[in-house]
Structure formats: C-alpha cells, structure tokens
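Reader: I have a protein model open and I am new to this. Could you show me how to read some of its features?

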Amino acid sequence: MITVNSDGKIMIRRCLVTLRPFRIFVLGIGFFTLCFLMTSLGGQFSAKRLGDSPFTIRTEVMGALESRGVLRKMSDMLEMMVKRMDVLARLENSTDFRKGEEARFPPDRFQPAAGLMERIQAIAQNVSDIAVKVDQILRNSLMNGKVIEGRRDQCEVPRDPKYPDCSGKVEWMRARWTSDPCYAFFGVDGTECSFLIYLSEVEWFCPPLPWRNQTAAMPSSKPPPRVQAAFRSNLSYLLELIGSGKESLIFMKKRVRHLASQWLLATQSLAQKLKGRRRDQKQILIHIGFLTEESGDVFSPRVLKGGPLGEMVQWADILAALFVLGHSLKVTVSLKELQRCRVRVIDTFGTEPAYNLEEYATLHGYRTNWGYWNLNPKQFMTMFPHTPDNSFMGFVSEELNETERQFIKSNKASNMAVVYGKEASIWKVQGKEKFLAILNKYMEIHGTVYYETQRPPEVPAFVKNHGLLPQHEFQQLLRKAKLFIGFGFPYEGPAPLEAIANGCVFLQSRFNPPHSSLNHEFFRGKPTSREVSSQHPYVEDFIGKPHVWTVDYNNSEEFEAAIKTIMRSKVDPYVPYEYTCEGMLERIHAYIQHQDFCAGASPPLPVKPNGHAMPSSPSLFTLSPNATHLVWSYNASSTPHVWPPVSSMQVWVSEAGQACTETCQEHRLVCEPTFFEFLNKKDVFLQLRIACDSAESEMSHLYPALAENVQECYLQKEPLLYSCAGYSTKYRRLCPCRDYRKGQVALCRDCL
C-alpha cells in the first residue's frame, strides 16, 4: 500500500519484507510497551503536496497481476509528474519568466521545485523497483505453483527449537491473515502451507520448507557494507527528523535543544575513552507505538494534562543519544509486525523471564496482559535498573553549570516544599491530612496539579497550586524549594531525580509491607514479581541520605523529626553518573555494539588447538581461596567471545528463599543472566563442594538450584527462563554475578 498522507508523507507499507538490515529499538509508555525498532520495512520518503489539497494513491491487492499493473501505472504517473516538474523548472530558469515573476513573488518562491523533483524521481525509482520485485514474486509463484497445489493442504507446523515462535505465528495467521491485503500480496490464501511459506520466506519465524525451491523463492542479496559510525556535533537534522505540529513532538524537541551542549560534551568525553575504536553504524527504525497494537501518536493527547512526560523525557534522550553516536535513524508511528530478534522494548517496570515465556507463564500462573513475548529478557529495557534480567536504558537528568549551582545555593528557601504529582488523584491518598498538617507547620507547600477551570482540584486550602507548569517553570520552582515530597504515587518516575539535581531533598514514604502484585492493585497484571519498598527504590538504594529520606508516614514522630533535620541540612545538587548524558551514551554505545539477540542462546565453548570443542569440565572455574565462590579460570586466549566478558564473573550460592539479585548485591556485585549458561552443569555443583545424588533438567525460572535439605540438583532446560529474579524457600540457587563500573551498574568494568 502506498499512501500520501495529509502531511505530505509518502508511505510504502508492506508485510515485513527485509531489503536492508535494520536494528530495532522499542519505546514504552508507563507499563505499556512501545517499539522503536531496528529492522527494514518499506521505504518512507518526504514530498510536498502538489497544490493546496492532500491526495492519496492507494493500491488494494485484487490479485497479483492487478497489483503489478497498478504499480506500473503509479510509476508512469510519477514519471509524468517528473516531466511536468522539469517543464516548471525550465520555465523558472528562463529570463523572461523570472523577470515577470520576481515582481509578484519573493526571489526564493520557486527554489523548492528542484528538491521536490529529486524526491519525486526517487519515489518513481522506488516504485519501479517494487514493480520489478512483484515480477520476481509472480515468476516464482508460477514456477512453484504446481508443486504448491499438490501440497497446499498437506503442511504440518514444524517443531524446531531454533524457531520457537513458529506455532504461535501460524495461529496468529489463521486468525488474522485477512486483516491486511499485504498478506494476500505474498500468496497467503488461508491454507496452512501458505502461512508456513510466508512465515519462512517473507519473514523468518518458521524454518524453510524442504520441498520449496529456496533459490527461486528467496532472491539472494549481499549484506550491506559496514559503515563506521562517527560522532555528530550538529543536532539540527535530528530536530527535523522528529517533526513538529504535535504537543509531544514540541516537548521532545525543546528537551533535545535544551540538552544539546551537554550531549556534545558527553560525545567528546566518550570519544576520548574509546580512543578511536571502530564503531559500526546501525540502521535504526524508531517506532512510536505500542507493541500490542496500532496506536499512532500516543503522547500528544495527554501532554497538556500532566500526561506521560517521564516517558517523553526518556524517549527524547534515547533519540538524542542514538543520533550523536552517529547511527542512521528512521521514525515511524505505525507498524504491524516486528523483527523479533532485533527488537528492543522500552518497558518502564520490566518483564521478568517467568512472565516472558508464553508456555511457562500459562502453565504456572504468570501469564499477564503485558508478558509472554518470548523475547530474550535482555531485549526489555527499563527506566531504572530494577532487575538485571532486563537491560537498563535510563534517561538523562540535567547537570547544572557552576553559575546555576551558585544561584541555587543563594536562593534556596529552607521552608518551601513542592509536592510530587500532577494529577488530582494523588491528593486522595488515605491519611494524607495527618502528615500534610505536620508539614504545613514548618513549610510553605506548593503543588503543580492539572485542573480545568470549571473543576479545580481537591487540594487543601493551605497549598499553593500553580497548575500544570511548563518544564522550565517547574524547574525554576524546584531550584527555589528545599523539599520535594512524594505521597507514595506515582512509582519510579524521573521527577525525584530532577528535584535532587536541582538541590532539593526528596522525602518519600516507606512501604510496610512492600507493594507488589500480591497486595496492590497497581502492580496487578504487571509482568514482574518485584516487591517495592518505597515510592522510588532507586533513589532510596543508590542515592540515600542526605539527598533522599525514606520514612514511615504513619509515624508522626519520625516524619516530623525528618522535616526538622531536612530544614537544617545543606545539600548540593547531585546527579548519579549513570543518569548524565555521558553515562547514558556509554550504555547505549555498549548495547548497540555488543548485544546480539539474533545469535543462538548458548555461548560457544572454548576450543582446543586441534579444533574439537572441549567437554564440560570443572576446570571452567576455580574455587576461591576461602571456598565461598567460583571465579573464571581461563586465560584471555581461550576465553569464549561473549559479552559481558566472563572475566567479570563470580559464581555464588544463594540462601534458601533468596533471589540471585539479592545474593549478588550482598557481595557488591550484580547478577548477570548471560552467564547462567556456564553454570548450568552438574560439574559446577561438584566444584562448589555440593554433592548431587541426582541432577534433573527441567523448566523453572529458579534453576539451576539445589533443593534444600536433600541432595537433589536441578538444571535449567529452557534458556529463556534463566532469571536473576525469583526465590523459593525450597531452593538454594546458583547465581552468576559480575563486577560493575563505578556509577554505571549496567556495565562491567571491562564492558565499554
């Protein structure tokens, strides 16, 4: 389908056809999931509208011959447009014409014509190329027609562990193959064979069918040449790429402009660290939409009502980071399918392995509305480092220059507090009157709650409500305030980090018992078993006092004592390194250059000089001198090529009822699920001096593990279930831990 939209964009949309290898990044709103992909879909070309009214060119697939004919007619029409533009250009260049027109129009009135003609020529060439590909598909269909007819209803869904999504995709095709004419365009006709042909030859969710002529069915194409990425210092093209006209785009462009100088300083610093090391440029398609549905512009309707500004902050920062790193970006807001192994999903609260694997989640009660995507859990990228099972993407908290820091020091009001939250529902927290009354004894309280003029928010009379403020005005308010106070919701947003960066102390409520899907409605249905001990666990655990105070709001004495101490304290603005522009650039650079989700699940074993793979043996690890844990024993020449490097690995055994996340934290390490593959061997238990009477291989997100009080060891059968999260009083888990860079928990010391 080729459409010229009302904004002048010409879109060529097909089922997922790969012409060039793209990477995929994916973005998310709240606990929903958005996609920003690195894959190759149909081309997108910009063109200005001819005349004053929009026009649409549409081809519905009535049949293969009709489709080819329509494409040829479109190509002819575009060629005619080019000829007419050529005539206009010659007229515009003629002396008499210019003399007459310059009297009526500005001198640059016709300058865009040449650029428009070049774009139309490019579109015409693209349509022509598509017509050639249609011819190829038709010829292949004719060549294979007789064979297909004989086997059309004799296909069975293959069971191949290398293609775990095949059966699920066939079911999806059965239910929805008529939802888009592009499937019929590629020969899908409702039969099982046509589904499998499409899923194995147009996409790659199923293995190739042995009776198909693969050479004819899949035209060979050379991989594109490798291009070295170069740091960029001019962000003007990125601003053009983001577009304009919608509130969400305006917000994000303002943020990119505002942080431009900090991004450029960060690129210079990272370039010095990398010392000219080669970086491959990736083709990255950023898809702004939910992973679960066609969604269009999901931000703008709520921007002016206190909507998901945190997600837009993160999105703008990811766009800026990818751009200054030198990668080639495309942006889309509509997508039917994703290339699974190349997708990165921005997932605010995270997706744990137990919820991700559809079969396991269904059988064991972990299935939710946002889980069971069967991705590598590292493909989910979070706003904060919740669980090492996912990748920590993050965002940027603005750093202040020395002038701004001095201004804050001289203008802080020790008795001024700002309440965290823009929505009126936040003020309906049970028991808020008690602690607000205490706070009001010592401080002037300010709010930034959105409201419509006819319905003011239900806030106490002593609160000065400014309404929803633009970002720069909200920042100025934080620079004057001493305290930024949370009521327990929203969870884990960027605002507390922003307040701390502007010299505020953040005061939040301690949750006892911790909030989770078992006792709190908000977390019900989220694909995580996390237990949240406060409104913002990251700032509690990674920053702490004097910048962050976590107290029991139900304890009036503790709350009042905290307020008095905060008023007397002197706190400088602070930004954790991993939330600076440089810290975020480090992470994204490392992910793009090293993460590979298209490779097989098992890392290669070291190879002996004669070329034979080494058998599993205890010599992979060495027992520490105090016999508490294992470390990798191989020298660099025989180390397998995995990332993070195995040299950063330590193997510890958890206590019963303890997750690997906590076990590694106790030893000032981070759990690293990539390393589970090396632990999943009976020999590792033996080297830890654990005798196993038996060693069964089963599917469980708690394995590998040792059954408590009996000598039974369990190995993991399904690599997608390797999980740092999860615990049981029945098991002591084998935990792969790694070191990390100072201020950068996502990366090991040698990971950059």
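Author: We will go through strands, packed helices, single residues and the backbone, one by one. Please keep in mind that this is a predicted model.

Reader: Let's begin with strands. How do I think about the side chains of a strand?

Author: In a regular strand, side chains alternate between the two faces of the sheet. Take strand S6, residues 283-287. Gln283, Leu285 and His287 point one way, while Ile284 and Ile286 point the other way.

Reader: Are the residues of S6 mostly covered or uncovered?

Author: S6 is mostly covered, with five of its five residues buried.

Reader: Which strand is joined to S6, and by how many bridges?

Author: The partner is strand S7, residues 328-332, joined to S6 by five bridges. The two strands run parallel. For one place to look, find histidine 287, which stands opposite threonine 332 in S7.

Reader: Where could I practise this on another strand?

Author: Try S17, residues 548-551. Val548 and Thr550 lie on one side of S17, Trp549 and Val551 on the other, and all of them are buried. S17 pairs with strand S15, residues 505-515, in the parallel sense over four bridges. Here glutamine 508 stands opposite threonine 550.

Reader: Now helices, please. How do I describe two that pack together?

Author: Two packed helices are described by the angle between their axes and the distance between those axes. Look at helix H16 (residues 432-442) and helix H20 (residues 556-568): their angle is about 30°, and their axes are 10 Å apart.

Reader: What do we call H16 and H20 with respect to each other, roughly parallel or roughly antiparallel?

Author: Angles under 35 degrees count as roughly parallel, so H16 and H20 are roughly parallel to each other. The crossing of H16 and H20 is right-handed.

Reader: Which residues of H16 and H20 meet?

Author: On the H16 side they include Phe435, Ile438, Leu439 and Tyr442, and on the H20 side they include Phe559, Ile563 and Met567. Charged names turn up too: Lys434 and Lys441 in H16, and Glu560 and Lys564 in H20, are among the residues that meet.

Reader: What lies in the loop between S17 and H20?

Author: Asparagine 555 is in that loop. Its relative accessible area is 31%, so asparagine 555 counts as partly exposed. The C-alpha atoms of asparagine 555 and phenylalanine 435 are separated by 9.0 Å, and the two residues are 120 residues apart along the chain.

Reader: So sequence and space are two separate things to check. Where else can I see that?

Author: Go to leucine 238 in helix H8, residues 236-242. Leucine 238 and phenylalanine 323 are 85 residues apart in sequence, with their C-alpha atoms 6.9 Å apart in space. If we leave aside neighbours within four places in sequence, leucine 238 is in contact with Val256, Leu319, Ala320, Phe323 and Leu329.

Reader: Why does leucine 238 count as buried?

Author: Leucine 238 has a relative accessible area of 0%, and buried means under 20%.

Reader: How would I read a polar residue, such as serine 200 in helix H6?

Author: Check burial, then look for polar partners. At 6% relative accessibility, serine 200 counts as buried. A polar atom of the serine 200 side chain lies 2.7 Å from the backbone oxygen of leucine 196. The backbone oxygen of isoleucine 197 lies 3.3 Å from a polar atom of that side chain.

Reader: What about the backbone itself? Which peptide bonds are worth a look?

Author: Two bonds that lead into prolines make good examples. The bond from tryptophan 643 to proline 644 is cis, with omega near 0°. Proline 644 sits in the loop between strands S19 and S20. The bond from tyrosine 703 to proline 704 is also cis, with omega near 10°, and proline 704 is in the loop between strands S22 and S23.

Reader: And where can I find a positive phi in a residue other than glycine?

Author: Alanine 627 has phi near 60°. Alanine 627 is in the loop between strands S18 and S19, and is partly exposed at 36% relative accessible area. Lysine 275 has a positive phi of about 50°. You will find lysine 275 in the loop between helix H10 and S6, and at 74% relative accessibility lysine 275 counts as exposed.

Notes: Residues numbered from 1 in each chain as written. Predicted model: local features only at pLDDT ≥ 70, side-chain atom pairs only at ≥ 80, totals over all residues. Heavy atoms only, no water. Buried < 20%, exposed > 50% of the residue type's maximum accessible area, 1.4 Å probe, protein only. Pairing = 2+ DSSP bridges. Polar contact = N/O pair within 3.5 Å; in protein donor to acceptor, adjacent residues only side chain to side chain. Axes fitted to C-alpha atoms, helices over the stretch in contact; angles between N-to-C directions. Parallel < 35°, antiparallel > 145°, perpendicular 65-115°, else oblique. Left-handed = near helix turned anticlockwise from the far one by under 90°. Contact = heavy atoms within 4.5 Å.
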